[in-house]
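Student: Could you take me through the main pocket of this protein, slowly and in one go? I'd like to know what surrounds it and how it sits relative to the domains.

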Amino acid sequence: MRASQYLIPTAKEAPAEATVASHVLMMRAGMIRRVAAGIYTILPLGLRVMRKIERILREELEKAGCLEVNMPMVIPAELWRQSKRWDLYGPELLRLKDRKGAEFCLGPTHEEVITQLAASEIKSYRQLPLNLFQIQTKFRDETRPRFGMMRGREFVMKDAYSFDLDAETAQVSYWKMHEAYTQIFSRCGLEFAPVEADTGTIGGSLSHEFQVIADTGEDALATCVSCGYAANIEKAQILAVAPAAVKQTGEPKRLDTPDVCSIAELTSFLEVEGKCVIKALLFELGDQVIMALMRGDRELNEAKLRALLDCDQLIPASPETLMRSIGDVAGFIGPLGLQDIRIIADHEVMAMNDAICGANARDQHLGAVQPLRDFQAETADLRFAEEGDICGRCEGQPLSFRRGIDVGHIFYLGNKYSKAMGATVLDKNGKPTPLEMGCYGIGVGRTAAACIEQNHDEQGICWPVPVAPFEVHLLALGKQQEILDACEPLYHELTAAGLEVLYDDRPERPGFKFKDAELIGLPWRVGLGKRGIDSGSAELVERRSGERFDVPLAELAEFLTKRIVPARLGN
């Protein structure tokens, strides 16, 4: 491809809203342009990268036995109501009506559509296992779209859905996709880690995120060097703290705390640290009232509590529920003396001595509270892992923490959607049974952005060969006709050798072309000017290492082919 005939609007500066490397460099390298918040036009250079990633996806998924389909982006509300997600999904779901007033949404994900297809087309266990995938545009109305392609509202996603007869075979499908994802991200040239993760609004009982390791990543990851355990911070298991020795004597002391409702106000008023206070949080789960107890200096990890309660969302108790179950004591609730309330305490709470908590009376708290002596509670790991916490899986070493970019997510769904939407299949005995499902997503644009986050320097991008928009950047270093006459056959020779070449034939100064080449970041740069013509050689530069080679023109195609072709498959 000739640069003079290609749209690559490079820029010296990026817009002010571009704050992370991938956003900055994709804007500066002329790969994307903003249309609205979180919505971008993908320009030719960026689209070539995404097509490379899509090709890797298709190849590895087809190896895993997946079949490609294409589902609509506009989905009837009725399907989402069947799965009970129409109200649950929240404002990220962009809802609309057609001219007849029928309700639809723009698909953020396609569990409902694919389950409807399975319900109508899969009738017998002989059709299983089945795994269907698509690569398609999605829309999620993010509250704060940011970081360019890493958190946009409109984005291209690969989503796949597996169908099996029972849990055992569904697990086989799940781990088969886990291996396929490992191959996909390895081929993209990424350093990544599969980590255990929360299932969120998708649901299910098993989930892994594929995290690209990067300091700019939004997600915190906890890993154990002892046993290899790795999890998202929302999922990371922490070794339980042993309960405190129970004091047999003494009793809680009433403390007057007028208008002192928050933890911050309480610690200031009593001149104590947050770790001395028991924080009580009240939730509704159907007709049941749940009280979660945390140490005052900790935040509740809602994902862990949702998993424990096996619910999709936590609903804070309403004032009416509080009044009915405890009384008009908002800001002063605690675990002592309660009836018909399920109390769940983080392990740390039961290790406290002489704690302070709400007295369930207005303007009153209790001091010298001893868990186990003064109240009983279920215990669980309810908090976020922090530095110094011991791995809860092997109980050996402290967890270490890194940052990551979530580029792929796999879920074992079980029969959550198939039961709700009537997707059953006849088993070997002719008995209808709900299909067991898994779902598997990869953000294509996010993967491209993650490649840049992991592969750039001060000058620009350093593309891995498998996803680079082109493999070779040929620069004509001068405007003289003899230089153009020498570059022309070289361009054709390299292209004929099967290499992807971007030929910069523009009438620009060499320095300008060098700057653009470093910014765009193709794996190999070939410069040919008057001096090279005279010596019969070209200067090659490997973008990542900066290593330079003087290679005779007659040997150039062979030199590059030996290095590029194996790298296409990550070798």
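Tutor: Here is a walk around the pocket, followed by a stop in one of the domains beside it. Keep in mind that this is a predicted model, where local features need pLDDT of at least 70 and side-chain atom pairs count only at pLDDT 80 or more, while totals for chains, interfaces and linings use all residues. Numbering starts from 1 along each chain as its sequence is written, and side-chain values use heavy atoms, with hydrogens and water left out.

The domain assignment, which is automatic or from a database, gives domain 1 (51–73 + 107–237 + 401–452), domain 2 (253–380) and domain 3 (470–567). Domains 1 and 2 both contribute residues to the lining of the largest pocket, so the pocket lies between them. As for domain 3, its centre is 68 Å from that of domain 2, taken over C-alpha atoms.

The largest pocket has a volume of about 1600 Å³. (A pocket here is an open set of points on a 1 Å grid over the protein atoms alone, where a 1.4 Å probe fits, with protein on both sides within 12 Å along at least five of seven lines; lining residues have an atom within 4 Å of a point. The volume is the space filled by probe spheres set on the points.) Its lining takes in 50 residues, and Glu92, Arg140, Glu142, Arg151 and Asp406 lie nearest the centre. Sorted by class, the lining has 19 nonpolar, 14 polar and 17 charged residues, with Asp, Glu, Lys and Arg counted as charged and Gly as polar. Elements that each supply at least two lining residues include strand 8 (154–164), helix 8 (302–309) and helix 11 (444–454); helices are DSSP runs of H or I, at least four residues, and strands are runs of E, at least two.

Now for domain 2 (253–380): histidine 365 lies in strand 19 (residues 364–369). Histidine 365 counts as buried because its relative accessibility is 4%, and the cut-off for buried is under 20% relative accessible area with a 1.4 Å probe, protein chains only. The side chain of histidine 365 has a polar contact of 2.7 Å with that of threonine 257; such a contact is a pair of N or O atoms within 3.5 Å, one able to donate a hydrogen and the other to accept it. Leaving aside residues up to four places away in sequence, histidine 365 also touches others, among them Leu255, Val260, Phe332 and Cys357, where contact means heavy atoms within 4.5 Å.

Definitions and conventions:
Buried means under 20% relative accessible area, exposed over 50%, partly exposed in between (1.4 Å probe, protein chains only).
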